[in-house]
Amino acid sequence: MWRWHRSHHTVHGRFFERNDLFAVVFSIPSIVLIALGVANESLGILKYFGFGIMAYGIFYSIFHDVIVHRRIKIRYKAKSPYMKRIINAHYHHHRKHTKEGGEAFGFLYAPKKYEVKSAKAE
Ligand SMILES: [Zn+2]
Ligand SMILES: [Zn+2]
């Protein structure tokens, strides 16, 4: 997995990087589950799993690619401590450029230590 993900830690001028293949790979079970669930009434439950994966994929793209890395130009400034914390956690993740010692791979949840400390108490 790191072989693909490493591309995301290298500076390059291309729009796509090998790490994007994860999105393609994760879309396959999602599409299969939805198709099975729609085609077979008895397997109807499967489509919800498929939608679950899809929702995760969409949310991940919006959060990681747009909000954190600004692959699409947007004007957005994180206001909630939660958003600030998960964005900050991902910046920590990018400080390391090797698999060893990598941290904060996850998203949506970030440990308390990534809390953004603001100068003035609110
Ligand atoms: Zn990233
Ligand atoms: Zn990474």
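## Overall architecture

Which pattern does the chain follow when it is read along the sequence? In this predicted model, the chain follows the pattern α-α-α-α, and its secondary structure comes to four helices and zero strands.

The chain has 122 residues, and 30% of them count as buried. When contacts with a separation of 6 or more are considered, residues 24 or more positions apart account for 40% of them, and several examples of residues that are distant in sequence appear in the sections below.

## The first zinc site

Which residues coordinate the zinc ion (ligand 1)? The zinc ion (ligand 1) is coordinated through the NE2 atoms of His-8, His-64, His-69, His-90 and His-94, at 1.9 to 2.2 Å. Along the chain, these donors follow the spacing H-x55-H-x4-H-x20-H-x3-H. Because His-64 lies in helix α3 and His-90 in helix α4, the pair ties together parts that are 26 residues apart in sequence. Both His-64 and His-90 are buried.

A general property of helices is useful when reading such a spacing: an α-helix has 3.6 residues a turn, so residues three or four places apart point the same way.

## The second zinc site

The zinc ion (ligand 2) has three protein donors, namely the NE2 atoms of His-5, His-9 and His-93, and they lie 1.8 to 2.0 Å from the ion. In sequence, the donor residues of this zinc ion (ligand 2) are spaced H-x3-H-x83-H. Are His-5 and His-9 buried or exposed? His-5 has a relative accessible area of 10% and His-9 one of 8%, and because buried means under 20% relative accessible area, His-5 counts as buried, as does His-9.

How many Å separate the zinc ion (ligand 2) from the zinc ion (ligand 1)? The zinc ion (ligand 1) and the zinc ion (ligand 2) are 5.2 Å apart.

## Helix α3 and the residue that follows it

Helix α3 covers residues 45–68, which makes 24 residues, and the distance from its first C-alpha to its last is 33 Å, close to the 34 Å expected at 1.5 Å a residue. The buried residues of α3 include Leu-46 and Gly-50, together with Phe-63, His-64, Asp-65, Val-66, Ile-67 and Val-68. These buried residues pack against two other helices, α2 (21–39) and α4 (81–93).

After α3 comes Arg-70, a residue found in the loop between α3 and α4. The phi of Arg-70 is near 55 degrees, which is a positive value in a residue other than glycine. For comparison, most residues other than glycine have a negative phi. Arg-70 has a relative accessible area of 28%, and is therefore described as partly exposed.

## Helix α4 and its surroundings

How does the span of α4 agree with its number of residues? Helix α4 has 13 residues, which should span 18 Å at 1.5 Å a residue, and its end C-alpha atoms are indeed 18 Å apart. Among the buried residues of α4 are Met-83, Arg-85, Ile-86, Ile-87, Asn-88, Ala-89, His-90, His-92 and His-93. What covers the buried residues of α4 includes α1 (2–5) and α3.

Two residues of α4 illustrate how positions distant in sequence are placed in space. Ile-86, whose place is in helix α4, is buried with a relative accessible area of 4%; its C-alpha is 7.4 Å from that of Tyr-114, although the two residues are 28 residues apart in sequence. Ala-89 also lies in helix α4 and is buried, with a relative accessible area of 4%. The C-alpha atoms of Ala-89 and Val-116 are 9.3 Å apart, while 27 residues separate the two positions in sequence.

## The second largest pocket

About 240 Å³ of space lies in the second largest pocket. Its lining is made up of 13 residues, and those nearest its centre are His-8, His-12, Glu-17, His-69 and Arg-71. Two of these residues, His-8 and His-69, are also named among the donors of the zinc ion (ligand 1). Sorted by class, the lining of this second largest pocket has two nonpolar, seven polar and four charged residues.

Methods. Residues are numbered from 1 along each chain as its sequence is written. Chains are lettered from A and ligands numbered from 1 in the order in which they are written. This is a predicted model: local features need pLDDT of at least 70, side-chain atom pairs count only at pLDDT 80 or more; totals for chains, interfaces and linings use all residues. Side-chain values use heavy atoms; hydrogens and water are left out. Donors are N, O and S atoms within 2.8 Å of the metal (3.2 Å for Na, K and Ca); water is not among the atoms, so sites may look incomplete. Buried means under 20% relative accessible area, exposed over 50%, partly exposed in between (1.4 Å probe, protein chains only). The expected span of a helix is 1.5 Å times one less than its number of residues. Contact means heavy atoms within 4.5 Å. On a 1 Å grid over the protein atoms alone, a cavity is a set of points where a 1.4 Å probe fits but cannot get out, and a pocket is an open set with protein on both sides within 12 Å along at least five of seven lines; lining residues have an atom within 4 Å of a point. Grid points are joined across faces, edges and corners, and a volume is the space filled by probe spheres set on the points. Ala, Val, Leu, Ile, Met, Phe, Trp, Tyr, Cys and Pro count as nonpolar, Asp, Glu, Lys and Arg as charged, and the others, Gly among them, as polar.
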